Amino acid sequence: MIDTALAAQSLALLDGATVVAARHGVIGRGHAEALMPALAALLDEAGATPDRILVDVGPGSFTGLRIGIAAARALGLAWDVPVTGYASLTLIAAPVFAAHPDTRLAVVAEAGRGLLYVQLMDRDLVAEGEPLALDAAGVAAWLPAGVALAGPGAARVPGARVLADAWPDARDAHLLVGAAALPPVPLYISAPDAVAA
């Protein structure tokens with residue numbers, strides 16, 4: 001599992017729900033320089049190669065997405081294994097729903113330039129509507145009543161009930177079982193023309 005879409009670089013080799021080896025840290029920029037050495041160390045520690053690859057396809061940083069997806073596709077070709085994508089906001093939601101299954105949840109992540117990615121998610125990890133890129137005040141105005149927030153940047157939203165503020169973590173990939181698999185191509189989001197206040 002390769003996650004480089006946001007500021008965290010998160011890698012994991014899983015056997016079912018068991019984490020065989022993992023690397024996780026917030027690095028901000030520098031995924032290009034750090035990814036392959038981190039992957040090599042992970043595989044050396046595990047002593048195995050995966051039988052499939054999951055990669056974060058966004059939303060996220062243009063450069064981070066390209067780095068992670070290119071690496072995943074290249075390794076998939078080299079190892080002759082399938083490559084599947086997942087949405088970064090889904091991976092953020094998965095452990096929150098595992099801990100709070102009856103909550104109503106919107107997931108947020110830092111989008112840069114003062115914006116947050118935000119999307120409603122149901123407990124089956126199915127996105128409700130399209131993700132948006134809004135500033136913190138726009139998220140607060142858009143957020144339906146009774147919906148909690150999770151994800152990095154959630155604490156920036158005024159008046160929000162925040163359940164978790166963690167970055168996507170590859171060690172949680174086993175929780176994505178049943179979530180829709182996406183093609184390994186990047187998802188891009190644009191800000192709406194206008195947001196009703």
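Below, a colleague asks a modeller about the terms used for this predicted model.

Modeller: The model is predicted: local features need pLDDT of at least 70, side-chain atom pairs count only at pLDDT 80 or more, and totals for chains, interfaces and linings use all residues. Residues are numbered from 1 along each chain as its sequence is written, and side-chain values use heavy atoms, with hydrogens and water left out.

Colleague: What makes a helix or a strand here, and how many are there?

Modeller: Both are DSSP runs, numbered from the N terminus: H or I over at least four residues for a helix, E over at least two for a strand. The protein has four helices and ten strands. From the N terminus the order is β-β-β-α-β-α-β-α-β-β-β-α-β-β.

Colleague: Why is the protein called as compact as a globular protein of that length?

Modeller: The radius of gyration is taken over C-alpha atoms, and the globule rule is 2.2 Å times the number of residues to the power 0.38. For 197 residues the rule gives 16 Å, and the protein's radius of gyration is 16 Å, close to that value, so the description holds. The C-alpha atoms fill a box of roughly 50 × 35 × 25 Å along the principal axes.

Colleague: Why is Ser88 called buried?

Modeller: Buried means under 20% relative accessible area, with a 1.4 Å probe and protein chains only; exposed means over 50%, partly exposed in between. Ser88 has 0% relative accessibility, so it counts as buried. Of the protein's 197 residues, 46% count as buried.

Colleague: What is Ser88 in contact with, beyond its neighbours within four places in sequence?

Modeller: Contact means heavy atoms within 4.5 Å. The partners of Ser88 are Leu6, Asp56, Gly58, Pro59 and Pro168.

Colleague: Ser88 is in helix α3. Why is α3 called largely enclosed by the rest of the structure?

Modeller: Nine of the twelve residues of α3 (residues 88-99) are buried, so the label fits. Among them are Leu89, Ile92, Val96 and Phe97.

Colleague: How do you know that β6 pairs with β7?

Modeller: Two strands pair if DSSP finds at least two bridges between them. Seven bridges join β6 (residues 105-112) to β7 (residues 115-121), and the strands run antiparallel. Gly112 stands opposite Leu115 in β7. Two residues lie between the strands of this hairpin, where Arg113 takes a positive phi near 55°.

Colleague: Which way does β9 run against β6, parallel or antiparallel?

Modeller: Parallel, with three bridges joining β6 to β9 (residues 148-150). In β9, Leu149 is the bridge partner of Ala106.
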